[in-house]
Amino acid sequence: SADLERAYRMGWNHGHGFACHNLPSIGDAIDRSLDWVGLGKVVTADNIAEYHELLCFAAETNSRDFSPFEFIAHEFNESDDAESLWEAFEAGTADSIRNDLEFYSYVELV
């Protein structure tokens, strides 16, 4: 439906900024509160892509605590099809983050 397509696009736009604004660098300390998978203490060429994804999803989760997200939540929650809209939004968010991450090259600049 048009509403589901719109919810997906909203999710895509919501997730899009997280990948390009939460880019780690090789040598950065890994935030222990985010590393539930055991990546280690520092960002390396071997773990940077996975840590980038962890940073993006942590930022996305944290973004839901602020008022701009509350407008989306209110709109979806007031809908007769709230569950489907949320599923479309979640899919758009995850697909957007993963699509952006696909195009990063984690090569150390010399």
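A residue is called buried when its relative accessible area is under 20%, exposed when that area is over 50%, and partly exposed in between. This vocabulary is applied here to a predicted model, in which Phe-57, at 26% relative accessibility, counts as partly exposed because its value lies between the two limits. By the same scale, Glu-60 has a relative accessibility of 5% and therefore counts as buried.

The protein as a whole contains four helices and zero strands, so that, read from the N terminus on, its elements follow the order α-α-α-α. The C-alpha trace spans about 50 × 25 × 20 Å along its principal axes, and 37% of the 110 residues count as buried. The accessible surface comes to about 7000 Å², and carbon and sulfur atoms account for 53% of this area. Among the contacts in the protein with a separation of 6 or more, 61% are made by residues that stand 24 or more positions apart.

Helix H1, which covers residues 2-21, and helix H2 have axes that come within 9 Å of each other and cross at roughly 135 degrees. An angle over 145 degrees would count as roughly antiparallel, and one of 65 to 115 degrees as roughly perpendicular; the two helices are therefore described as oblique to each other. The crossing in which H1 passes H2 is right-handed. On the H1 side of the contact stand His-14, Phe-18 and Ala-19, which meet His-52, Cys-56, Ala-59, Glu-60 and Ser-63 of H2. Taken by type, the residues of this contact comprise four nonpolar, three polar and one charged.

Both residues introduced at the outset can be placed within H2. Phe-57 is found in this helix, which runs over residues 48-63, and Glu-60 also has its place in H2. When neighbours within four places in sequence are left aside, Glu-60 is in contact with His-14, Phe-18 and Thr-93, and of these, His-14 and Phe-18 belong to the H1 side of the helix contact described above. Glu-60 and Gly-92, which are 32 residues apart in sequence, have C-alpha atoms 12 Å apart in space.

For Phe-57, with residues up to four places away in sequence again not counted, the residues touched are Ala-94, Ile-97 and Arg-98. One of these, Ala-94, is 37 residues from Phe-57 in sequence, and the distance between the two in space, C-alpha to C-alpha, is 8.3 Å.

How values were computed: Residues are numbered from 1 along each chain as its sequence is written. This is a predicted model: local features need pLDDT of at least 70, side-chain atom pairs count only at pLDDT 80 or more; totals for chains, interfaces and linings use all residues. Side-chain values use heavy atoms; hydrogens and water are left out. Buried means under 20% relative accessible area, exposed over 50%, partly exposed in between (1.4 Å probe, protein chains only). Contact means heavy atoms within 4.5 Å. Axes are lines fitted to C-alpha atoms, for helices over the stretch in contact, and angles run from 0 to 180 degrees between N-to-C directions. Angles under 35 degrees count as roughly parallel, over 145 as roughly antiparallel, 65 to 115 as roughly perpendicular and the rest as oblique. A crossing is left-handed if the near helix is turned anticlockwise from the far one by less than a right angle, and right-handed if clockwise. Ala, Val, Leu, Ile, Met, Phe, Trp, Tyr, Cys and Pro count as nonpolar, Asp, Glu, Lys and Arg as charged, and the others, Gly among them, as polar. Accessible areas come from the Shrake-Rupley method with a 1.4 Å probe; for residues, only the protein chains shown count as cover.
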